[in-house]
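Please find below a colleague's note on the structure under discussion. The points are numbered so that each may be taken up separately.

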Amino acid sequence: MDLTLSDEQRLLRESVDRFIAETYTADHRRRAADEPAGFSPAIWKQFAELGWLALPIDEAYGGLGAGAVETGIVMEAFGRGLVSEPYLSTVVIGAALVAACGNDAQKQAILPRVADGSLFLALAHSERAARFDLAEVGTTAAKMPDGWRLDGRKIAVLDGNAAGQIIVSARVANNNGASGRLCLFLVPGDTPGLARRDFARLGGGRACNLHLAGVRLPADALLGDGSDVLAAIEAVVDRAMAAIGSEAVGIMQTLLNTTLEYTKIRKQFGRPLSANQVIRHRLADMAMQTDEARSMALRAALMVDAEPVARSRAASGAKAKIGKCARFVAEQSVQLHGAMGVTEELDIGSYFKRLLAFDTLFGGSAHHYRRHAALGGRVHA
């Protein structure tokens, strides 16, 4: 397997790295956090102009037709800058679901607007009782003479506060009233009966909880042909886990570089900290964990189009392993900075929080170790 980046991929990495390094300063992040949406709309427009929003979208719908490796390159750079723009929710998850499940008219109406930066998307799938089980959905969709009626509650909808269209999962009742197939519905953010409770996410960005109380939708709000979409949701979430794995690697690399520089200039007893052999060993362990995480993220990206069991095992394996590596690197970085590691004066604490948030998104390491084992036929208690 050739893991060398192509010329186009190298150019993409260089351009994203340069933009992030020049733009995402600590002052910029503080200003973006004060924006109503939790990010800068002006920066989002620049993402569109640079082609990053169109990257994984098919060329037929105004995109560039790139793959998961290119998305990973962008996400790793986003991790280094602690980017809070809704790239994951809109481009990696939302656009991929529309591409996988939508009919041609829905794709034509939505995907070009994602590519040009004029439409934000969000997926409302998680529910309080699900415990990261993607098949556990209690929200209901009832067929009405003039369309659909949705009732239920969703939690932790990434960037749902900014979304113009929210993709809501619901169970369609069968003729006997029993819960049936899982479907997706396009719900405009201003639909009557939809209540959003917005909150700040740990490490930057925003999310919201949704309450759908008798939300009435037209017939064409159903995404696709009405067939069960669980397999499509699983595939997109696996793709999202590969993407956020790359983001975590970018954060870990930044923490490693920052800590290495700090131990060279911080002196104790007249010697730099890095002259201490124990400190060197800890830095070496941080570097090793970062490289292991990078390998797992790349493997998950390379496997996104594999058959479902192999794809899901690669995604869960990466999520579990990177979660463990991320916590180790974050804790070591804070400890080696001493009391400075938890002050507002340094960005270490912000990167630490983002890595903690990564470990809980789509399920923590323990959940994915169990999923990985179950997919391999070896279920552990």
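The points below treat strand pairing, pockets, cavities and aromatic contacts in turn.

1. Status of the model. The structure is a predicted model. The residue numbers used here count from 1 along the chain as its sequence is written.

2. Pairing of strand 7. Strand 7 (residues 206–217) runs antiparallel to strand 3 (residues 147–158), and eight bridges join the two. In this pairing, tryptophan 148 faces leucine 217 of strand 7. Strand 7 also runs antiparallel to strand 6 (residues 194–200), to which seven bridges join it. Here alanine 195 is the residue that stands opposite histidine 211 in strand 7.

3. The hairpin. Strand 6 and strand 7 form a hairpin with five residues between the strands. Which glycine in this hairpin takes a positive phi? The residue is glycine 203, with a phi near 90°. Glycine 203 appears again in point 5, as Gly203 is among the residues nearest the centre of the second largest pocket.

4. The largest pocket. This pocket has a volume of about 840 Å³. Its lining comprises 34 residues, and Ser126, Phe132, Thr360, Leu361 and Phe362 are the closest to its centre. At least two lining residues come from each of helix 5 (87–101), strand 1 (121–124), strand 3, helix 7 (230–265), helix 10 (348–360) and helix 11 (365–375). Helix 7 gives the largest share, five residues. By class, the lining has 19 nonpolar, six polar and nine charged residues.

5. The second largest pocket. The volume of this pocket is about 600 Å³. Of its 29 lining residues, those nearest the centre are Arg29, Ala33, Gly203, Gly204 and Ser350. Helix 2 (26–33) and helix 10 each contribute at least two residues to the lining, and the largest share, six residues, belongs to helix 2. The lining divides into 11 nonpolar, 10 polar and eight charged residues. Helix 10 thus supplies at least two residues to the lining of the largest pocket and at least two to that of the second largest pocket.

6. Internal cavities. How many cavities of 30 Å³ or more does the structure hold? There are three cavities of that size. The largest cavity contains about 260 Å³ of space. It is lined by 22 residues, with Val83, Leu88, Arg201, Glu247 and Arg354 closest to its centre. Helix 4 (68–81), helix 5, helix 7 and helix 10 each give two or more residues to this lining. The largest share, four residues, is from helix 7. Of the lining residues, 13 are nonpolar, four polar and five charged.

7. Aromatic pairs: phenylalanine 19 and phenylalanine 47. The whole structure contains 11 aromatic pairs. One of them is the edge-to-face pair of phenylalanine 19 and phenylalanine 47, at 6.1 Å centre to centre with 65° between the planes. Because phenylalanine 19 lies in helix 1 (residues 7–23) and phenylalanine 47 in helix 3 (residues 41–50), the pair ties together parts 28 residues apart in sequence. Are these two residues buried or exposed? Phenylalanine 19 counts as buried because its relative accessibility is 12%, under the 20% limit for that class. Phenylalanine 47 also counts as buried, at 0% relative accessibility.

8. Aromatic pairs: tryptophan 44 and phenylalanine 120. The ring centres of tryptophan 44 and phenylalanine 120 are 5.2 Å apart and the planes lie at 45°, so this pair is tilted. It links distant parts of the chain, 76 residues apart: tryptophan 44 is in helix 3, whereas phenylalanine 120 is in the loop between helix 6 (104–115) and strand 1. Both tryptophan 44 and phenylalanine 120 are buried.

9. The aromatic cluster. The residues of points 7 and 8 belong to one aromatic cluster, formed by Phe19, Phe39, Trp44, Phe47, Trp52, Phe78, Tyr87 and Phe120.

10. Charges over rings. Lysine 143 places its charged end over the ring of tryptophan 148, 5.2 Å from the ring centre. Tryptophan 148 is also the residue that stands opposite leucine 217 in strand 7. The charged end of lysine 319 sits over the ring of phenylalanine 358, at 4.5 Å from its centre.

How values were computed:
This is a predicted model: local features need pLDDT of at least 70, side-chain atom pairs count only at pLDDT 80 or more; totals for chains, interfaces and linings use all residues. Side-chain values use heavy atoms; hydrogens and water are left out. Two strands pair if DSSP finds at least two bridges between them. On a 1 Å grid over the protein atoms alone, a cavity is a set of points where a 1.4 Å probe fits but cannot get out, and a pocket is an open set with protein on both sides within 12 Å along at least five of seven lines; lining residues have an atom within 4 Å of a point. Grid points are joined across faces, edges and corners, and a volume is the space filled by probe spheres set on the points. Ala, Val, Leu, Ile, Met, Phe, Trp, Tyr, Cys and Pro count as nonpolar, Asp, Glu, Lys and Arg as charged, and the others, Gly among them, as polar. Rings of Phe, Tyr and Trp (its six-membered ring) pair if their centres lie within 6.5 Å; planes under 30 degrees apart count as stacked, over 60 as edge-to-face and the rest as tilted. Buried means under 20% relative accessible area, exposed over 50%, partly exposed in between (1.4 Å probe, protein chains only). A charge sits over a ring if NZ of Lys or CZ of Arg is within 6 Å of the ring centre and within 35 degrees of the ring normal.
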